[in-house]
Each structure stands twice: as structure tokens, then as C-alpha cells.
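Q: I'd like a close look at one part of this model: the interface between the chains. Could you take me through it, and point out anything else that helps me read it?

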Amino acid sequence: MVRNMTRRGLLGRGAAMIGCSTAAHPLLSTVTLASAQWDTRLVVMILRGAMDGLDVVRPVGDPAFAALRPGLLGAPGLPLDGFYEMHPALAPLQPLWQSDQLGFVHAVSTPYRDKRSHFDGQDLLEAGTGMDVPLAARREGWLNRLLQGLPGLDSQTAFAIGRDEMKVLSGSAPVMNWVPSVSLTVSPQSRLLLEQLYHADPLFRDAALEAIELTELAVPDATSERGRALAQMVGEGGQNAMIRSLAGFAAERLFQDTRIAAFSLGGWDTHRRQDSTLPKALGQLADAILTLQTGLGPVWGKTVVIAMTEFGRTVRENGSKGTDHGTGGAMIFAGGALRGGRVLGRWPGLDEADLYARRDLLPTGDVRSYAAWALRDAFGIDRAVLEGMVFPGLTLGDNPGLLR
Amino acid sequence: MKQATIAAIRFGYGLGAGRLAGSAPDIMQSLRAADAMVSAYPLLSLAEALALRRNYFKTQDAEASGDPEAVKAHEAARLAVADTSPILLRHVVARAVASPAPFRERLHLFWLDHFTTRIRGGGETALAHSFADTALRATMTRRFADMLRAVVVHPQMLLYLDQTSSVGPGSVAGRRQNRGLNENLARELLELHTLGVGGSYSQGDVMEMAELLTGLQFRPKDGGFAFVANHAEPGPETVLGRTYGGMRRGGLDAIFAALDDLSVHPDTARHLARKLVVHFVSDRPDPALVAHVAARWRETDGDLMQVYDALLEHPAAWGALGGKAKQPLDFIISAFRALGMTGADVMALPRQPFQEMVVNALAGMGQPFMRAPGPDGWKEADEAWITPIGLSQRIRWAMRNPSRLVKPLPDPRDFVVQALDDAATPQLIWAVGAADTVAQGVGLVLASTEFNRR
């Protein structure tokens, strides 16, 4: 009885929120979604700490590159297109590159400039706005604003996964959060009493209801080949065990009813000894992508993964064999729905005069327009909605044709 | 609501045994009294931490020989250092549970978070002890400038924000070894520790500050810290329009002069005033209260006792409770207090239960001790803590642990009054009476919104 009550409460809450946000956004009337298009899966990874795009996707064809980083480049990179090489720690993803399921965009950034603060940079990346929008308007994440525009939403449509706060998904549209250790098991009488105690405090009430829901959520399906392969991968242990567990949960949910998942990867703030710190972060990224591929099975073909970071790093190495906070960087795309095998973006050059503030890679593109084109191609979202609501103030420009 | 209830819950660790300060003057009085907790539950000095470190690395070198005695010696040295991490947390908890001045303990954790660092691994774990007590606790009732100076030269901070790998590119060492700047400490000093991210500084100020900070180095053999002149970037540096040092800069004076100026900057006053009000009173701070505290900061050049007084004396600091959620560490400490535990009880908890009920519980609730994800420390907003995951861990803690901590458990109908006095709502009092067991009744009190909010 209790369980039914809470379930009703939860769904009621979600429905109320959709109604509410629909009223607040007249643009929504222009959104039309065919259910077939809504079949696509989207995974957004926020690479926290500022990934060094220049080391991950190395512009070895630029004659200035090698001299800027004499102490950073350890093992040789893996050839991509003649101009760029990929960091050797991404070797596990080479088959994806070869089958056009991995791609990059170089020399991109958010509109964030100059102060180079991780926290502000991440806030802006996740808000998806420009610097001209007042702070109060940056509370909602762009993925949440996307959800607000999608009909047929329920509370499991989108999942924020892991312990890190995912501002990119936060906002008025209902979103679920999950970490590996969540569970709420109390006596039925206590559950009933807690529900009454929390009733008047929406924060406590909703958190408790969602905890109950998550506790009851199905575990990976062990009857299928796909489910067993996923379970084995997640259970492997080692230093990337946590990230495989997050990606594994994402894959399982996405295989079923969830359409959007977001989680964080840390370890990118490579101020020191980048030759040993960056490979660890890249190893996690590769493991996360491969876990998704395994866990999604046939659905991988309908999946787009976007990995983005708050800004790039200085073009020159610093005094401790690392790099400091910069501006332009790279973003990473993967998935079976991708038309990959390409490094997109307009290369600005690395001569002193080409740099931003004479220290950073000059951004020639906006990460938001690539994300927006992915949303448009994946979900069929109107350009007007993308430019007006999801990424307010953005001009999309030409379609880079990210998806098949 | 009684003023004493608000005082205990908002500015302390809740109600519990013992007489507590019930008003603003009482709280300030408790802060002016001698700090009894620091000797009752002492932490290691910097010299002691460095001795542990020395022994760690010395035995590590010897271990390479493979001699079983040497291996054993290093294992002992390793454990001695590693133990200092749970000891630090245990003493922090014992102080907060036993303290006659809970506001002092709250302030200590506030500053430990404002100047976030992480407990280091390996031989350097114990450095956090003197950072907590010498750099922060001993200075938090003085001028902010004193705290800033103590923090910026402490090895714990120098290591955490990479100052140890920053060398002036034009310095002797920089030229000889082709080394350069690391901006990390300079940036966080401006962005987080003083002016705030909205403050009036530019990337140029960060660079100049980074150059000014060169020379600050971790030097274990010299007592932990030294100004290494041949690391220092030559020439004057200009931060926020003021110029520090000269062509033959060779000491700390120029760095301290810049820190002193930062400590009294109006942006620093505003940033810290807001942060104090948000931490103690509400996630949506009253602008009048922030302005009042910031004004006192400016008038007294950051005299922290005056600043606390300004916070406590303002009527807006005594509004209705409920504007904030207790962070996980505060939740656990106030649960210990409510259950009537003493500092001695905390110290007597065997290793395993302490690990489960404090160390692991904190990690589960999202706040592993001194392991915040970044230098901006823990989140303040209630939504950051009362999440499905965080709340389910609290409920589990509340239902399971009290019966392991106190025997016999109190009658839940008495406990709700002991823990919350007139902050308990009639609904909570009713629900506690309707619980199916004593343990669940006590658990309901600790899991309630009244107990988890402040």
C-alpha cells in the first residue's frame, strides 16, 4: 500500500512539473517530436578540471606545436588524419575511430573568458548560456531546459549519475539521480511516519520518495548476452571500477526507458606531471565509453556520447611539466549514431600572434553549437528552440553533420 | 521559539547535556574564554608531523634493501602516519561533542572549509593537524590578515595548491632549471580565499600574484617552510594596482604586505561576510545582515571577533530556524550530542565502529572528511545534501546507530524534547509516540526535518 502511494506521489509530481514548465515556455508549442526520433540516446560527460585538448588531440601537423611542449609529450600519439594525433592512452578507442564511431572537435570553448576559474567555467558550461546572462538565470542546466521541451517525459527519462552535482541536468524538469550505494530500507511503519513527517518539506519529501524509487529499480538483466557482458565489465574492479559502475548503470537505464544520462569524470586538472596524470583520466574516459558500448548492445547504434570540459589549458607547458588553465580546447564525440572518424573545427594556429591572450589556444567555435547540432539531429529539436531556449542567445551556424 | 534553542541549533551543535550559551553576548563570552578543547583533544604540531614524515621516507629508503626488519620498520612508520587521519577527525568530533563553546567548533570547521585542503596520503598525512590548529584555530579569533599569513605559508596549503612546483621563470632556479610558474595558489587566493570570484581582479592580477608568491616553498628540513630567494621572480609585482617588492626582492615582507592588503579589501569583506551569513543563517542571506557584517569587517580591518559579534548581534541572525540543512559532519556530531554522549565516549569508541559510524558514514552522505572535490570546499545549499542518496544514508544512520552508541536507548518521547526542545513540532512528537520500536522512535527524531535543518 505504501509503495503504491509513493509511486503515485512521484508520478503526480513529475506531471505537475511538466505542466508548469510548459506554461512558462510558449516556445514549446513549436516542438514536435516523432516517437521514432525520440529513440536516440544521449550521454553527456562533463570532464571536470579542464582537459588539455592539445595533448588529447595533438596538432602535430602545426610546425609550432612540438617546441611549445618539449617536456610533455611522452609516448608518440596515434595517427588520426595526418594533421592530428590522438593521445596514446586513448588506444582502447582506436577501433571506434576506425569505424567512424569516435570524433573530435578542436579549438572550441564556451563563451567563458579570462578568469579561468574551474567553478565558474563549469557553471557556464552546464548552464549553456553566455556571459551576458545574469547569474540567477544560469541556475538551470541546458539538458534540463531540453527536457522541459520534450513531451511524454517521465521521471526516468533523464538520469544524473554519480556523487557530483550535475548542474547540466538540474532545473524544473524532473530528473533522477543515482549512485551505486543508494538504498532506503526501513520498517513499513517508519516509512509511513517519515512520509508524514516530510510531507510539509518538499526537499525532504521528494528526496525520500526518489530514494524509495531508486531502491526498487531493476538491476541489470542477467538473462541476456548483453546484460552478462555488462555485468562482467562492471565487476572487473581495478582503479576504474567506480567509473565503470556509473557508466554501466547509465547503459542499463538507457537500454530500457531512459533517454538522457549525464555524469562527471574528474582528474583533468593536470598542473603537474601531465605525462603521468593525464593518461589516468583518459583511461577512465575510454573505460566509460567502452562500458556504454558494451552495455547498450544493439542500442549503441542509436547513441551519441558528448564529452565536454570547462576550458582548455595553456599552449606552453608550465614549470612543473604540466599546463595551467587556458581557453580553447577540444570536445569528444562517440557512439554508433555518430558520423565520426573526423576532427572538426577550424584550426587557429599556434604562432604567438594566433594565440588567445598570447598564452591559450584561440577558440574558433562554440562547444554549445556542436552540442546543439547533436540535439537537433538526434531528437529533431527545432533550431528556434535550441537558439531561444536550450542555449539562449546562441547562433547555431552551419550544420557540421555530426550524426549519420 | 526560545532564543536558547535558536542559539544552540543555529550557532552550535544543537541541544544536549550541559549549559549552553543562550544569547549573543553569552556566545561571544564563550569565545573569549580559554580554549579548553585544544588541550583536552590535542592535535600534532608541525614539528611532530615532520618527524613522522622524515621517519616515513627514511624507512622507505631502507626498505628498498628488502631486509625483513627494514620492511617491518617502514610498515610501522607508514601506519603511524596513516593513523593521524582518523585521529584528526576523532578529535574534531570529540571537541565538538564536549565543547563548552560549540560556536568555536562551528567556526573552526567553517574556516577549515573556507581554506579547503585535502588530507594528503603517504608520509604527509599528518600535516593537516597543525594546519587545522596552528594556522586556523589559533588565528580565527584574531585578524583575518593573521590567518591569511599563517595559511599561505603552511606546508598543507603549499602542497595542496601546487605552490611547491611554482618557480619564478626569471629567478636563478627558474633560469638554471628551465622551470616556471604554477598559478594555482595565486588564483584561489584571489578567487576563493579573499576577493571572491566576482571580485575586482583580472587574469593579470593572478599572474602578478603568482610571481609575487614565488619563493614560498615547502622545506621539511627548515621546519616545514622557507622563503627560497633563488626561486623568487625578480622585480616588483603589481596586484590590484599596488606594487610590492623591488628589484632585489628577497623576503616574505612583500608577500605579507599583499596579503594584508587583500585581507582588508572591501571585496574580501563582502565575500567573507556573505559566506559567514550563508553558512550560519540562511542559503538566501538577508542583504541587511550581510551589509552589517561586511561594514564591521571594513571598520575593524578584519578583526574576526568583531565580525562574529556583528553577525550575532543583528536581529536578522535570530529569525526562524529552518533556512539551512545540517551538513553531514554536523548531523553526526549533533546526533552524538543529542544522545548525551561525552567527549570521552567519542574517544572510547573502538576503531571499527568509529570507522563505520563516522568515517564511512560521512563518505556515504557525500562529505568525506577533508576530501572536498575542489578548493571551493563543500556546498552550502540544502539541496546539495538532502538528496535521495544523502537522505537515505541519514535515515539509515538514524535507525541503526543510536542503539550501538547508548544503552539503554532513551524513551523516544523524552528524547525528542532532549534533542529539540521547543523546535519539535506537534507532528513529530506524535509520530515519535507512534513508532513501532524504541530504536525506530529515536531514529525518527534524528531523521526528522526539524533535526536535520537549522
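A: Helices and strands here are DSSP runs, at least four residues (H or I) for a helix and at least two (E) for a strand, numbered from the N terminus. Keep in mind that the model is predicted. With those labels, Ala50(A) sits in the loop that links β1 (41-47) to α2 (53-56) of chain A. Its phi is near 80°, which is positive although Ala50(A) is not a glycine.

A quick word on confidence before the interface. Chain A has a mean pLDDT of 85, with 87% of its residues at 70 or more. For residues 1-37 of chain A, though, the pLDDT is below 50, and that stretch still has 43 contacts in the model beyond near neighbours in sequence.

Now the part you asked about. Chain A brings 41 residues into contact with 51 residues of chain B. Together the two chains bury about 3700 Å², and carbon and sulfur atoms give 59% of that. On the chain A side, the residues that lose the most area to chain B are Lys115(A), Phe119(A) and Leu197(A), which together make up 18% of what that side buries.

What about the polar side of things? The rule finds 2 salt bridges across the interface of chain A and chain B. In a salt bridge with an N to O distance of 2.6 Å, the side chain of Arg453(B) meets that of Asp201(A). Polar contacts across this interface come to 12 residue pairs, counting pairs with both residues at pLDDT 80 or more. As for secondary structure, α5 (118-127), β7 (176-178), α7 (188-198) and α8 (202-216) of chain A each put at least two residues into the side that touches chain B. That side of chain A splits into 16 nonpolar, 14 polar and 11 charged residues.

You can set this beside a contact inside chain B, which is divided into domain 1 (143-302) and domain 2 (328-452). Here 8 residues of domain 1 of chain B touch 7 residues of domain 2 of chain B, while the C-alpha centres of these domains are 38 Å apart. The two domains bury about 630 Å² between them, with 47% given by carbon and sulfur atoms. Tyr160(B), Leu192(B) and Asp283(B) lose the most area in domain 1 of chain B, together 53% of what that side buries. There are 0 salt bridges between the two domains, but 2 residue pairs make polar contact across their interface. The helices α10 (155-160), α12 (184-193) and α15 (266-280) of chain B each supply at least two residues of the domain 1 side, and the residues of that side divide into 4 nonpolar, 2 polar and 2 charged.

Two local details of chain B round this off. The structure holds 47 salt bridges over all chains, one of them pairing Lys72(B) with Glu69(B) at 3.8 Å, N to O. Those two residues are about one helical turn apart, because they are 3 residues apart in helix α5 (residues 68-82) of chain B. Elsewhere, the peptide bond from Lys407(B) to Pro408(B) is cis, with omega near -5°, and Pro408(B) is in the loop between α23 (402-405) and α24 (412-420) of chain B.

Methods. Residues are numbered from 1 along each chain as its sequence is written. Chains are lettered from A and ligands numbered from 1 in the order in which they are written. Side-chain values use heavy atoms; hydrogens and water are left out. Domain bounds come from an automatic or database domain assignment. Contact means heavy atoms within 4.5 Å. Buried area is the accessible area (1.4 Å probe) that two parts lose on being put together, summed over both. A salt bridge is a side-chain nitrogen of Lys or Arg within 4 Å of a carboxyl oxygen of Asp or Glu. A polar contact is a pair of N or O atoms within 3.5 Å; within protein, one must be able to donate a hydrogen and the other to accept it, and residues adjacent in sequence count only if both atoms are side-chain atoms. Ala, Val, Leu, Ile, Met, Phe, Trp, Tyr, Cys and Pro count as nonpolar, Asp, Glu, Lys and Arg as charged, and the others, Gly among them, as polar. pLDDT is the predictor's confidence in each residue, from 0 to 100.
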